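Good morning, colleagues. Please look at the sequence and the structure as they come up, and I will then take you through the overall form, the surface and a few individual residues.

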Amino acid sequence: MAEQIEASAKPSFVTRMSTMALSKVKVGTPLYSLAYGAAAGVILSGLVYAGRTLSVFCFDHEYYKIQSRKRYYEKQLLFTREQEEASNAHYLASLSTEYDPVATRMPFKPLEPKYRF
């Protein structure tokens, strides 16, 4: 009886399709080679990605170099600004030594208070 049931039952659609697909993907067929190569490529690219990530996390010191250069540039900029301020102050001081308030009054008139130093 069991033999009759087994003999009369035909395989399902999914079983037939999976059997057909597996028969097309045997070792040595072009489809197998493509699938194998794609899987190897995904694994290799994952390893490369992990290696680059590790390299950036552990061995990339470019950020620190750039920050150091920025700090040095900022210090240099502050120093130059201080030098310019000192230079301007010296220039004004030299101008004030040459200031002659009498030269600003009108002839034969008294010196106005706003011109006094």
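The secondary structure of this protein consists of 4 helices and 0 strands, and the model is a predicted one. Read from the N terminus, the order of elements is α-α-α-α.

Let me turn to the overall dimensions. For a compact globule of 117 residues one would expect a radius of gyration near 13 Å, whereas the protein has 45 Å. Along the principal axes, the C-alpha atoms occupy a box of roughly 145 × 30 × 25 Å. One pair of residues gives a sense of the distances involved: lysine 70 and proline 11 are separated by 59 residues in sequence, and their C-alpha atoms lie 73 Å apart in space.

How much of the protein is buried? Buried residues account for 1% of the 117 residues. The accessible surface amounts to about 11300 Å², and carbon and sulfur atoms contribute 65% of that surface.

On charge, there are 15 positive and 11 negative side chains in the protein. The centres of these two sets are 8 Å apart.

Next, the nonpolar surface. Phe13, Val14, Met17 and Met20 together make a nonpolar surface patch of about 410 Å². One of these residues, phenylalanine 13, belongs to helix α2, which covers residues 13-24. Is phenylalanine 13 buried or exposed? Phenylalanine 13 is exposed, because its relative accessible area of 53% is above the 50% cut-off.

Lysine 70, already mentioned for its distance from proline 11, sits in helix α4. With a relative accessibility of 52%, lysine 70 also passes the limit of over 50%, and therefore counts as exposed.

Finally, I would draw your attention to phenylalanine 108. This residue is located in the segment after α4, the helix that spans 62-97. Why does phenylalanine 108 count as exposed? The reason is that its relative accessibility is 83%, and exposed means over 50%. What is notable about its backbone is the phi angle: phenylalanine 108 has a phi near 65 degrees, a positive value in a residue other than glycine. As a general rule, most residues other than glycine have a negative phi.

To close, I return to two points: the predicted model has 4 helices and 0 strands, and its radius of gyration is 45 Å, against near 13 Å for a compact globule of 117 residues. Thank you for your attention.

Conventions: Residues numbered from 1 in each chain as written. Predicted model: local features only at pLDDT ≥ 70, side-chain atom pairs only at ≥ 80, totals over all residues. Heavy atoms only, no water. Helix = DSSP H or I, 4+ residues; strand = E, 2+ residues; numbered from the N terminus. Rg over C-alpha atoms; globule rule 2.2 N^0.38 Å. Buried < 20%, exposed > 50% of the residue type's maximum accessible area, 1.4 Å probe, protein only. Areas by Shrake-Rupley, 256 points an atom, 1.4 Å probe, with all protein chains shown as cover. Lys, Arg positive; Asp, Glu negative; His and termini not counted. Charge placed at Lys NZ, Arg CZ, Asp CG, Glu CD. Patch = residues over 30% accessible without salt bridge, like charges linked within 9 Å, V, L, I, M, F, W, Y side chains within 5 Å. Salt bridge = Lys/Arg side-chain N within 4 Å of Asp/Glu carboxyl O.
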